[in-house]
Amino acid sequence: MPVEPVLVTGAGGGGGVGGVGRRVLERLRARNVPVRALVHHDDERASELRAMGGVEVMVGDLTRGADVVKALAGCPRAYFGMSVSPVFLEAAATVAAAARESVGLELLVSISQMTVSQMDLAGDAESRQQRLHYLAEHILDWSGAPVVHVRPTVFMENPLFARVAAASIRRDGTIRLPFGSARTSPVAAADVAEVVMTLLLDPDPRTHRVYELTGARSRDMTAIAAEFSAALGRDVTYVDVPYQEWLEHDLENQDLPDHVFEHIATMARLHGENRYDRATNAVAELLGRPPLGFDTVVKDMLAR
């Protein structure tokens, strides 16, 4: 086990959808691995991290070079993750520059998005956040840092499911989404966090530089509704909603920041275009077990 701490970003504020940063930290501590957590605010969540033991909490900003350099010092391995944010690219560039200058950095695991694998510089169909991830991967690669990119597909905990679909399930037992007959393969945040931890603790850093993570299989929303039905013990049906109607009546009442709203709205549109019909074996190959299903998250999702 590492003697030096592993740097984990995004652990205080949840690290974005699904709280991957916090989950990575918890899994590392379960293995008695020392962790340095870079958090944005010294608040109750930071106090909770300190109370865990074995966690050095450092307050800083991922867009401030001095903070990132200080956080990386003495950490041979690090995880970079950040919430959906307009300053994501600035943060990634700062991390890349700091990683390039860091002495003794062996591995940087960076969380991205699977849409990046289908993108090019001239494309304009994706959200601004997805384009920031595309550029961030390039910047991290150009830095020469020992970076591994983890590209999950849509999270089961994404607002598409955890907020919008959950609201209609609670209301009338329906999943209202504008996906048509398109297929998708959502992945659990717990699986993504376990993959990140596995990579961080690998005694010989991987030769692969990209890992694309999905659920066990790609299927349409009628099949996913059946999974919800089985997990809840009551009927849940999928209702295909016209995209514009869904934006106005389902997504707009979620009170999301503009940048997040645009990102989630774009993900819904790309789902309708079947851009998420992807399935890989990476989770099973890395973890030695099948990916988790919706049955592991649905009750918590509806309890919110």
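**Figure 1. Overall dimensions of the predicted model.** In this predicted model, the radius of gyration of the chain is 19 Å, which agrees with the value near 19 Å that a compact globule of 304 residues would have. The C-alpha trace spans about 55 × 40 × 35 Å along its principal axes, and the chain is built from twelve helices and eleven strands. Of the contacts with a separation of 6 or more, 76% are made by residues 24 or more positions apart. Buried residues account for 56% of the 304 residues, while the chain exposes about 12800 Å², of which carbon and sulfur atoms supply 50%. The side chains include 31 that are positive and 40 that are negative, and the centres of these two sets lie 4 Å apart.

**Figure 2. The largest nonpolar core and the surroundings of Leu-28.** In soluble globular proteins, nonpolar side chains tend to be buried together. The largest such core in the chain holds 38 residues, and within this core the residues with the most contacts are Val-8, Val-20 and Leu-28. Helix α7, which runs over residues 189-201, gives the most to this core, with nine residues. When neighbours within four places in sequence are left aside, Leu-28 is in contact with Val-6, Val-8, Val-33 and Val-35, and also with Met-197, Leu-200 and Leu-201. A second core, separate from the one around Leu-28, has 37 residues, including Phe-161, Ala-231, Tyr-238 and Val-241.

**Figure 3. Two asparagines with positive phi, Asn-32 and Asn-274.** Asn-32 lies in the loop that connects α1 (20-30) with β2 (35-39), and although this residue is not a glycine, its phi is positive, at about 65 degrees. With a relative accessibility of 61%, Asn-32 counts as exposed, since the cut-off for that class is over 50%. Asn-274 is placed in the loop between α10 (258-272) and α11 (282-287), and Asn-274 likewise has a positive phi of about 65 degrees without being a glycine. The relative accessibility of Asn-274 is 34%, and this residue therefore counts as partly exposed.

**Figure 4. Ala-91 in helix α4 and Ser-83 in the preceding loop.** Ser-83 is found in the loop between β4 (77-80) and α4 (88-101), where its relative accessible area of 31% makes it partly exposed. Although Ser-83 and Gly-21 are 62 residues apart along the chain, their C-alpha atoms are separated by 9.7 Å. Ala-91, by contrast, belongs to helix α4 itself and is buried, with a relative accessible area of 0%. Leaving aside neighbours within four places in sequence, the contacts of Ala-91 are with Leu-62, Thr-63, Phe-80 and Met-82. The C-alpha atoms of Ala-91 and Arg-64, which are 27 residues apart along the chain, are separated by 7.9 Å.

**Figure 5. Ile-139 in helix α5 and Asp-124 in the loop before this helix.** Asp-124 is located in the loop between β5 (107-111) and α5, and a relative accessible area of 66% places this residue among those that are exposed. From C-alpha to C-alpha, Asp-124 and Leu-213 are 24 Å apart in space, with their positions 89 residues apart in sequence. Ile-139 lies within helix α5, which covers residues 128-142. At 23% relative accessibility, Ile-139 counts as partly exposed, because the buried class requires a value under 20%. Once neighbours within four places in sequence are left aside, Ile-139 is in contact with Leu-89, Ala-93 and Ala-96. The C-alpha atoms of Ile-139 and Gly-233 are separated by 47 Å, and the two residues are 94 residues apart along the chain.

Terms used:
Residues are numbered from 1 along each chain as its sequence is written. This is a predicted model: local features need pLDDT of at least 70, side-chain atom pairs count only at pLDDT 80 or more; totals for chains, interfaces and linings use all residues. Side-chain values use heavy atoms; hydrogens and water are left out. Helices (H or I, at least four residues) and strands (E, at least two) are DSSP runs, numbered from the N terminus. The radius of gyration is taken over C-alpha atoms; the globule rule is 2.2 Å times the number of residues to the power 0.38. Buried means under 20% relative accessible area, exposed over 50%, partly exposed in between (1.4 Å probe, protein chains only). Contact means heavy atoms within 4.5 Å. Accessible areas come from the Shrake-Rupley method with a 1.4 Å probe; for residues, only the protein chains shown count as cover. Lys and Arg count as positive and Asp and Glu as negative; His and the chain ends are not counted. The place of a charge is taken as NZ of Lys, CZ of Arg, CG of Asp or CD of Glu. A nonpolar core is a set of buried Ala, Val, Leu, Ile, Met, Phe, Trp, Tyr and Cys residues joined through side-chain atoms within 4.5 Å.
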